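Hi everyone, thanks for coming. I'd like to walk you through a structure that's new to most of us, so let me put it on the screen.

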Amino acid sequence: MSSDLTIRRYQPSDQHVVTDLWSRAARRAHPFLEGEGEGERARILRETYLVQADNWVAERDGTVIGLLGLLPGERGDGPVGGPSAVVDKPSAVVDKPGAAADEPGVEVGGLFVAPEAQGGGVGGQLLEYAAALHGALTLEVFEANARARRFYAHLGFTERGRRTDEGTGHPLIKLERAAPLKSVGWLHLREGRLLSVRTRGNDTFYLPGGKYEPGETAREALSRELSEELGLVVPAEELSEAFVIHDVAHGKNGRRLHMTCFTGGPQDIAPVPGREIAEYAWFDRREAGERCAPAHTQVVDRLIAQGRMRA
């Protein structure tokens, strides 16, 4: 099976497969709810949530295997069980996240993964997609759904409050996660080794790059950062997006990182470290694992898979 995952907007023609997916995932996640996945709850899903929510589907090899429903404001878990139906592992990468992650946030009203696709990172990719679109995320999960609670905790969600669901009588836990830190990074390799930089007063290396300034595109931000950090002239139009990394931001108390990585620009370079840069170096896989920030592991794995670094 292909590992490529497509995330796209829900279409009315998806209703049958999405309703079946939701029914099977909800029954598996909520065995403590009588009549889950059918009857009145299925009708409300079809007639209310699939109409009123901002819905997205995850599709692999032409088959829909995940559903994400985003709600304006704070409506709670809702009659279809909300995000508590997820029992999945988080994923690292969403290659086309869409809009900026500095929006005011959104509530995840529902997150469901087909039982046969669980454990493959689909739920995590859908959540990171929501974060890339809107920034901060809130949601509710049934207290009895221990697997979902572990899943969200692993992705950096923390408890914000509790209430009793009026429709089922079961306790719900309100969870939240701050908007991810947005950054850009440059992928420059020399003989299979990855260029990395260390700032003054820090013993950890990072990709060349950094945060956006107001009004900048990702390419513009990286072009400016390369000039400031290494004295390199790399026009924004010469940069090509390679992939996006999602991980825990190093030294930021568990906050998530959304790093867009680019290739392009000159290959023969002579870096001149700027005021904040203590040193630069080219690392192989082992050295990167020992001396670089956590997100480097994902970057290196992607480059190895592309044949650009040695395993």
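Let's start with Asp14. Setting aside its neighbours within four places in sequence, Asp14 is in contact with Arg8, Arg9, Val57 and Val64. One thing to keep in mind throughout: this is a predicted model.

Where does Asp14 sit? Look in the loop between strand E1, residues 6-9, and helix H1, residues 15-29. And is Asp14 buried or exposed? With a relative accessible area of 6%, Asp14 counts as buried, because the cut-off for that is under 20%.

Okay, on to the cavity. The count comes to 1 cavity of 30 Å³ or more, and the space inside the largest cavity is about 70 Å³. There are 12 residues lining it, and the closest to its centre are Leu45, Tyr49, Asn55, Gly110 and Phe112. Helix H2 (39-52), strand E3 (63-71) and strand E4 (106-113) each give two or more residues to that lining. By class, you get 8 nonpolar and 4 polar residues there, and no charged ones.

Now let's move along the chain to a sheet. It's an open one with 4 strands, in the order E12-E8-E14-E13, and the pairing is mixed. E12 and E13 are at the edges with a single partner strand each, so one side of each has no neighbour in the sheet. From one strand to the next, the twist averages 20°. Inside the sheet, E8 and E14 run parallel and pair over 6 bridges. If you want a spot to zoom in on, find Trp186, which stands opposite Phe262 in E14.

What packs on this sheet? That would be helix H7, which touches E13 and E14, and its direction makes about 135° with that of E13. In H7, the buried residues are Ala295, His296, Gln298, Val299, Val300, Leu303 and Ile304. Their cover includes E10, E13, E14 and helix H6 (285-291). After H7 comes Gly307, with a positive phi near 80°.

Last stop, the largest pocket. Its volume is about 710 Å³. Of the 27 residues lining it, Tyr206, Gly209, Gly210, Lys211 and Glu229 are the closest to its centre. Some elements you've just met turn up again: E8, E12, E14 and H7 are among those that give two or more residues to the lining. And how does that lining divide by class? It's 12 nonpolar, 8 polar and 7 charged residues.

That's my tour, thanks for listening.

Methods. Residues numbered from 1 in each chain as written. Predicted model: local features only at pLDDT ≥ 70, side-chain atom pairs only at ≥ 80, totals over all residues. Heavy atoms only, no water. Buried < 20%, exposed > 50% of the residue type's maximum accessible area, 1.4 Å probe, protein only. Contact = heavy atoms within 4.5 Å. 1 Å grid on protein atoms, 1.4 Å probe; cavity = no way out; pocket = protein on both sides within 12 Å on 5 of 7 lines; lining within 4 Å. Points joined across faces, edges and corners; volume = space filled by probe spheres on them. Nonpolar A, V, L, I, M, F, W, Y, C, P; charged D, E, K, R; others polar. Pairing = 2+ DSSP bridges. Axes fitted to C-alpha atoms, helices over the stretch in contact; angles between N-to-C directions.
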